[in-house]
Amino acid sequence: MKNSLYIFVVLLLAASCKSKEQKVPESNIYPIVSNHGQYITFPDKESLSFFETEQLSQASLTAELSAPAKVAATVISSGEGAGQNIILFENSENASNYTQLMQHHINIKQIQNINIRQKQLEIDRIKDLLSHGAATGQDLLIAQTELSMEQTNLANEKAALIEHEAIIISAGFTPDILRKASAGTAFLICEIPENQISLINEKSSVNILFSSFPNEKFTGKIDAFAEMVDNTSRMAKIRIRVNNSSKKFKAGMFAEVTFKLDSPTSKGSKDDLVNISNSSLVTVQGKSYVFVKKEINFSENEVETGFERKEIQIGQQIGDRIIVLNGLNKDDEIAIEGVMQLKGLSFGY
């Protein structure tokens, strides 16, 4: 009997201890999302080690951009000793338009400097004869009609010149540059996205690698940006001038041009730009966000470590860095790893 009572007491104590163990609440290991996803906290401190962060950077940015290019034209001297050098175009349409443009220039000079002057002198002579009774009104009318015809011809030539000039400009050239280019010059044309234009300094040097000379590196100089952007591709042409005194480069050759990109600062400003890693940025419904690590105060006695979602205004991307125009403080610590997990918690997907 005593043994049975002893066993019963032991079992009762064991059950009591087990019941107490079950009543001990488990620690919360799940993140807490509050204020419509703006704040994400992690009661389990070990979970924070999953998210890598970096201090907000404020520095000058440089990067490189490579773009395919083609030798669009070369300039050679005329073997016949003509006053103008010969332009060899890769595109036959450009060659035709440039030839016609040059002919219109010649025609305009002929009409302005010779034809119209002669007709005006003829009118003055007939007027003088008419005043002395040696000519008739019909003679004067014929001379004035001939002058009017020459003026019409001049207007037509100028209109045709403008048409061909516009085609040449849309191809990345200007007639004046082509006319003045010295023999031994090659022009490359390449295209870059329009949002990179402000990052490239006009007249700066570029590195060039030609498919025909894979083991040699060449340098060129940005000659100009084209006057228009393609409405469909949103690409802008850049013309590059290269010394071709060796006559290595032929019209139609392929190449790759490497540009140096610089951060676009305000005019006259030397301030460095706030920038973030592109891995830290999330975009939702056209708005840009980052997650800033911070201590979040829920009450006087409750402080949790987590992340605050911040909406930012961004500028250009240079390499793997993105310029931030507004929305961050200089001492912010930004999440760069685990960002997609934070996005899912913050926005619910």
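These are my notebook entries on pockets, a helix pair, backbone angles and a few residue pairs in this structure.

**Entry 1: the model**

I am working from a predicted model, and I kept that in mind for everything below.

**Entry 2: the largest pocket**

I started with the empty space. Rolling a probe the size of a water molecule over the atoms shows where empty space is left. The largest pocket holds about 250 Å³ of space. I then asked which residues lie nearest the centre of the largest pocket. They are Glu 90, Ala 171, Ile 189, Glu 191 and Lys 237, out of a lining of 14 residues.

Next I looked up where the lining comes from. Strand E5 (62-76), helix H2 (92-131), strand E7 (185-193) and strand E10 (235-243) each give at least two residues to the lining of the largest pocket. By class, I noted 7 nonpolar, 2 polar and 5 charged residues in that lining.

**Entry 3: the second largest pocket**

The second largest pocket came out at about 180 Å³. Its lining has 10 residues, and Gln 84, Asn 85, Ile 86, Ile 87 and Tyr 98 are the closest to the centre. Strand E6 (86-89) and H2 each contribute at least two residues to the lining of this second largest pocket. Which element gives the largest share of that lining? I found that H2 does, with 4 residues. The class count for the lining of the second largest pocket is 7 nonpolar, 3 polar and no charged residues.

H2 turned up in both searches: it supplies at least two lining residues to the largest pocket and at least two to the second largest. That sent me to H2 for the next entry.

**Entry 4: H2 against H3**

I checked how H2 sits against helix H3 (residues 137-170). Their axes come within 8 Å and cross at roughly 160 degrees. Angles over 145 degrees count as roughly antiparallel, so H2 is roughly antiparallel to H3. I also looked up the hand of the crossing, and H2 passes H3 in a left-handed one. The contact of H2 with H3 has 16 nonpolar, 14 polar and 9 charged residues.

While on H3, I picked out Asn 156, which is in that helix. Is Asn 156 buried, partly exposed or exposed? Its relative accessible area is 48%, so I wrote it down as partly exposed. Its C-alpha atom is separated by 9.6 Å from that of His 104, with the two positions 52 residues apart along the chain.

**Entry 5: positive phi**

I went through the backbone angles next. Most residues other than glycine have a negative phi, and most peptide bonds are trans. Two lysines caught my eye here.

- Lys 203 has a positive phi, near 75 degrees. I found Lys 203 in the loop between E7 and strand E8 (205-210), partly exposed with a relative accessible area of 47%.
- Lys 247 also has a positive phi, near 60 degrees. Lys 247 lies in the loop between E10 and strand E11 (254-262), and at 58% relative accessibility it counts as exposed.

I added a glycine to the list: Gly 348, with a positive phi near 85 degrees, follows helix H5.

**Entry 6: helix H5**

That glycine led me back along H5 (residues 339-347). Which residues of H5 are buried? I listed Val 339, Leu 342, Lys 343, Gly 344 and Ser 346. Phe 347 is in H5 as well, and with a relative accessible area of 22% it is partly exposed. The cut-off for buried is under 20%. Phe 347 and Gln 38 are 309 residues apart in sequence, yet their C-alpha atoms are 8.8 Å apart in space.

**Entry 7: two strand residues**

I closed the session with two residues in strands. Ala 236 is in E10, and its relative accessibility of 3% makes it buried. From Ala 236 to Phe 225 I noted 7.5 Å, C-alpha to C-alpha, for residues 11 apart in sequence.

Val 257 is in E11. How accessible is Val 257? Its relative accessibility is 0%, so it counts as buried. Its partner on my list was Ile 208, 49 residues away along the chain, with the two C-alpha atoms separated by 4.6 Å.

Definitions and conventions:
Residues numbered from 1 in each chain as written. Predicted model: local features only at pLDDT ≥ 70, side-chain atom pairs only at ≥ 80, totals over all residues. Heavy atoms only, no water. 1 Å grid on protein atoms, 1.4 Å probe; cavity = no way out; pocket = protein on both sides within 12 Å on 5 of 7 lines; lining within 4 Å. Points joined across faces, edges and corners; volume = space filled by probe spheres on them. Nonpolar A, V, L, I, M, F, W, Y, C, P; charged D, E, K, R; others polar. Axes fitted to C-alpha atoms, helices over the stretch in contact; angles between N-to-C directions. Parallel < 35°, antiparallel > 145°, perpendicular 65-115°, else oblique. Left-handed = near helix turned anticlockwise from the far one by under 90°. Buried < 20%, exposed > 50% of the residue type's maximum accessible area, 1.4 Å probe, protein only.
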